[in-house]
Amino acid sequence: VTGALIAIRDVTEERAAIEALHRSEARFRALVQQSSDVVIVFDQRASVLYASPSIERVCGHAGEAILGEPLAALVHPDDVAHVRAALAA
């Protein structure tokens, strides 16, 4: 052996940050899953990416059934223009 290279990197802070992020995500997930309010996450095209379980009780839609659907499909026809304007703003 003519030489050796040893690299050491302290990842303590990085691991602590990752663990804190995981705890935060778990709290948020539990809050959304247990909430009686409907929570919908949609993309920039207003397609549904996630709907909380309460959507079935409140709106009669199964969350999995509306994934990928346009948000406007969930809104009363009289309110579609208002929702579209709010999203555009």
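Is Arg-45 buried or exposed? Arg-45 is exposed, with a relative accessible area of 62%. The legends below concern a predicted model, and the view of Arg-45 and its salt-bridge partner Asp-43 is given in Figure 3.

**Figure 1. Overall arrangement of the protein chain in the predicted model.** The protein chain contains 3 helices and 2 strands, and these elements follow one another along the sequence in the pattern α-β-β-α-α. The radius of gyration is 22 Å, well over the 12 Å that the globule rule gives for 89 residues, so the protein chain is more spread out than a compact globule. Along the principal axes, the C-alpha atoms fill a box of roughly 80 × 30 × 25 Å. Of the 89 residues, 15% count as buried. The protein chain exposes about 7,300 Å², of which carbon and sulfur atoms supply 56%. Among contacts between residues at least 6 apart in sequence, 13% join residues at least 24 apart.

**Figure 2. The hairpin formed by strands S1 and S2.** Strand S1 comprises residues 40–42 and strand S2 residues 48–51; the two pair in the antiparallel sense over 3 bridges. Phe-42 has Val-48, in S2, as its bridge partner. Between the strands of this hairpin there are 5 residues. Ala-46 is located in the loop between S1 and S2. Although Ala-46 is not a glycine, its phi is positive, at about 65 degrees. Most residues other than glycine have a negative phi. With a relative accessibility of 16%, Ala-46 counts as buried, because this value falls under the 20% limit.

**Figure 3. Side-chain contacts of Asp-43 in the loop between S1 and S2.** Which residue contributes a backbone nitrogen at 2.9 Å from a polar atom of the Asp-43 side chain? That residue is Ser-47. The side chain of Asp-43 also meets that of Arg-45 in a salt bridge, with an N to O distance of 3.7 Å. The two partners of this salt bridge fall into separate accessibility classes: Asp-43 counts as buried, at 16% relative accessibility, whereas Arg-45 is exposed, at 62%. The assignments follow because buried means under 20% relative accessible area and exposed means over 50%.

**Figure 4. The salt bridge between Glu-14 and Arg-9.** The count of salt bridges comes to 2. One of them joins the side chains of Glu-14 and Arg-9, at an N to O distance of 2.6 Å. Glu-14 has a relative accessibility of 39% and counts as partly exposed. Arg-9, by contrast, counts as exposed, at 63% relative accessibility. The class of Arg-9 follows because its value is over the 50% limit.

**Figure 5. Surroundings of Ser-54 in helix H2.** What does the side chain of Ser-54 reach at 2.7 Å? The atom in question is the backbone oxygen of Asp-37. Asp-37 also appears among the residues that Ser-54 touches, together with Ser-35, Ser-36 and Val-38, when residues up to four places away in sequence are not counted. Ser-54 counts as buried because its relative accessibility, 6%, is under 20%.

**Figure 6. Ser-24 within helix H1.** Helix H1 spans residues 12–34, and Ser-24 lies in this helix. At 35% relative accessibility, Ser-24 counts as partly exposed. Ser-24 and Ser-35 are 11 residues apart along the chain, and their C-alpha atoms are separated by 16 Å. Ser-35 is also one of the residues touched by Ser-54, which is shown in Figure 5.

**Figure 7. Val-75 in the loop between helix H2 and helix H3.** The loop that holds Val-75 lies between H2, residues 54–59, and H3, residues 80–88. Which residues are in contact with Val-75, leaving aside its neighbours within four places in sequence? The contacts are with Val-80 and Val-83. Pro-53 stands 22 residues from Val-75 along the chain, with 17 Å separating the C-alpha atoms of the two residues.

Technical notes. Residues are numbered from 1 along each chain as its sequence is written. This is a predicted model: local features need pLDDT of at least 70, side-chain atom pairs count only at pLDDT 80 or more; totals for chains, interfaces and linings use all residues. Side-chain values use heavy atoms; hydrogens and water are left out. Two strands pair if DSSP finds at least two bridges between them. Helices (H or I, at least four residues) and strands (E, at least two) are DSSP runs, numbered from the N terminus. A polar contact is a pair of N or O atoms within 3.5 Å; within protein, one must be able to donate a hydrogen and the other to accept it, and residues adjacent in sequence count only if both atoms are side-chain atoms. A salt bridge is a side-chain nitrogen of Lys or Arg within 4 Å of a carboxyl oxygen of Asp or Glu. Buried means under 20% relative accessible area, exposed over 50%, partly exposed in between (1.4 Å probe, protein chains only). Contact means heavy atoms within 4.5 Å. The radius of gyration is taken over C-alpha atoms; the globule rule is 2.2 Å times the number of residues to the power 0.38. Accessible areas come from the Shrake-Rupley method with a 1.4 Å probe; for residues, only the protein chains shown count as cover.
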